[in-house]
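These are my notebook entries on one structure, kept in the order in which I looked things up. I wanted to know where there is empty space inside the protein and how some of its helices pack.

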Amino acid sequence: MKPTRRGPLTCAQREWFLDVGIDADSPWSSAANFTGVVDGAGAPVGVALAAIGDLLDRHEGLRTLLPVTGPGLREQHVLPAAERLGEVVRVAPAGAEADAAIAAAAATAFRLGEQQPVLFVLAVAAGAVRRIGIVADHSAVDGWGMRVLRSDFLQALRSRMGGRAAFGGLQGRPAPEQPLETAEWETSAPGRAHAERAEAHWRRQLGALRDGLSSWRPDGGTAPADPVLRSRWLASAHAARAAQAVATRAGVPVSAVYLTAFGSAIGLVEGSPCAGVQALAANRLSAGTQASVRKAVMPVPVLVPGGGDLTARLAATASNQLHGHRFANLDPARAAAISAEVLGELAGTGAAAARFNYIDASIVGSAANSRSLGAEAIPFTDPAVQDRVTEQPDRPGGSRYILSVQHRPAAALMTIACHGDTAWAPAAGDMLRHVEAVLVRAAG
């Protein structure tokens, strides 16, 4: 089928493929899928299918193929709305069969050049839809986008059940920005002017990091051609309550408190006087982007001071993080070139290049924020899974250094993932315990 429109990838899409590399087309790409389950409200199957069609019509990225057009190159091909609806829907009897179908969908390694990046599993009993599993590839959505997807789908379902136009009640509100529109803006004169400001910010922040690490040198060694990703997580009520208390007392975002504590752990393992972290920013600075499901999240460098008064370190980290939110949307090739130019041999090291992802209810919604967002759906608010470091199965590929936090005021899920040849690999569990201890100590 011929696409209705085609064009280049957005900066956020290119950054994703640059980061995951071959993982995007590998059997283990499903590890990054987003999975959610919503109430089917007893809708007839035909009504649910119509609501899915409405959703795909509203959000082009859910019906867009990303075929490879050359070495390291892809292109967006937008398909006509709902003409391939059958490819994204599974129907199963409610109960064990539907549960198995949702699990199978969550494990899907989307072939992005030929397969739309979303699946819906309808759990049906007596002709009525009881639950709907939704699985989306990370190249198409992020945490914020998944919340929009769920909300817009439920809006469409309610409207269809009531015999109304799917999004008629949203008149007057901003229309969602489509990925191709974003890509077109990025190459426009205003987009290029923004990129120049973003490059200047990256140079300032990386220059400060280079100066902070002037007395430190990496151990050396070459990254293996076939790395193995090792992941450890710790669910902790102590860390969450402490981080919330420190943030309130210091007047800084909770994410900055975690980032400061993770910076301390990095310094401990790397022996570095400070840390540079690629903090993932929501990158949704317009109303249209906020209404879109598209993957927008991108990294921006943040210098995390390693010594001195805690209050001053928190303020500096928060300032660096907040200023950077405006400048995450940068061509990843330019970002990599600037990092190599400014940091030299420090680029890509554990002290300078870990990715940091912070998620809370403001990003994904309260209901989704009670479990981890991947297929494993860890119920981190449950005391039964808390207070112990848990190992995830090793897998090939992945980012070299990853820090993540999923936070609720009463509990948090903290994760460290890294390649097996790094200094972090044998220390990941101790690093998580160190982060928890730093937070509890800071809370007093």
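The entries below go from cavities to a pocket and then to three helix pairs.

**Entry 1: what I am looking at.** I note at the start that this is a predicted model, and I read every value below with that in mind.

**Entry 2: the cavities.** I searched the whole structure for enclosed space, and the search gave four cavities of 30 Å³ or more. The largest cavity holds about 100 Å³ of space. I then looked up its lining, which is made of 14 residues, and those closest to the cavity centre are Q13, G61, L66, S139 and A140. When I sorted this lining by class, I got five nonpolar, seven polar and two charged residues.

**Entry 3: the second largest cavity.** How much space lies in the second largest cavity? I found about 50 Å³ there. The residues that line this second cavity are V246, V257, T260, A261, L310, L314, V438, L439 and A442. I traced them back to their elements, and those giving two or more residues to the lining are helix 8 (254-270), helix 10 (310-324) and helix 13 (428-443). By class, the lining of the second largest cavity has eight nonpolar residues and one polar residue, with no charged residues.

**Entry 4: a pocket.** I turned next to the second largest pocket, which contains about 870 Å³ of space. Its lining counts 36 residues, of which L18, D19, A353, R355 and R400 are the closest to the centre. Helix 1 (11-20), strand 12 (298-305) and helix 11 (332-343) are the elements that each give two or more residues to this lining, and helix 11 supplies the largest share, with six residues. Sorted by class, the pocket lining has 22 nonpolar, eight polar and six charged residues.

**Entry 5: how I describe a helix pair.** Before going on, I remind myself that two packed helices are described by the angle between their axes and by the distance between those axes.

**Entry 6: helix 7 with helix 8.** I looked up helix 7 (residues 237-250) and helix 8, and their axes come within 8 Å and cross at roughly 115°. That angle makes helix 7 roughly perpendicular to helix 8, and their crossing is right-handed. On the helix 7 side, the contact is made by A239, A240, A243, Q244, V246 and A247, and on the helix 8 side by V254, V257 and Y258. These contact residues divide into eight nonpolar and one polar, with no charged residue. I mark V246 and V257 here, since I had already listed both in the lining of the second largest cavity.

**Entry 7: helix 8 with helix 10.** At what angle do helix 8 and helix 10 pack? The angle is about 115°, and the axes lie 9 Å apart, so I write down that helix 8 and helix 10 are roughly perpendicular to each other. Their crossing is right-handed. From helix 8, the residues S255, A256, V257, L259 and T260 meet L310, R313, L314, T317, A318 and Q321 of helix 10. By class, this contact has six nonpolar, four polar and one charged residues.

**Entry 8: helix 7 with helix 13.** Is the crossing of helix 7 and helix 13 left-handed or right-handed? I found that helix 7 passes helix 13 in a left-handed crossing. The two helices pack at an angle of about 45°, with their axes 8 Å apart, and they are therefore oblique to each other. The contact brings together H238, A239, A242, A243, A245, V246 and R249 of helix 7 and E436, L439, V440, A442 and A443 of helix 13. I sorted these residues too, and they divide into nine nonpolar, one polar and two charged.

Notes:
Residues numbered from 1 in each chain as written. Predicted model: local features only at pLDDT ≥ 70, side-chain atom pairs only at ≥ 80, totals over all residues. Heavy atoms only, no water. 1 Å grid on protein atoms, 1.4 Å probe; cavity = no way out; pocket = protein on both sides within 12 Å on 5 of 7 lines; lining within 4 Å. Points joined across faces, edges and corners; volume = space filled by probe spheres on them. Nonpolar A, V, L, I, M, F, W, Y, C, P; charged D, E, K, R; others polar. Helix = DSSP H or I, 4+ residues; strand = E, 2+ residues; numbered from the N terminus. Axes fitted to C-alpha atoms, helices over the stretch in contact; angles between N-to-C directions. Parallel < 35°, antiparallel > 145°, perpendicular 65-115°, else oblique. Left-handed = near helix turned anticlockwise from the far one by under 90°. Contact = heavy atoms within 4.5 Å.
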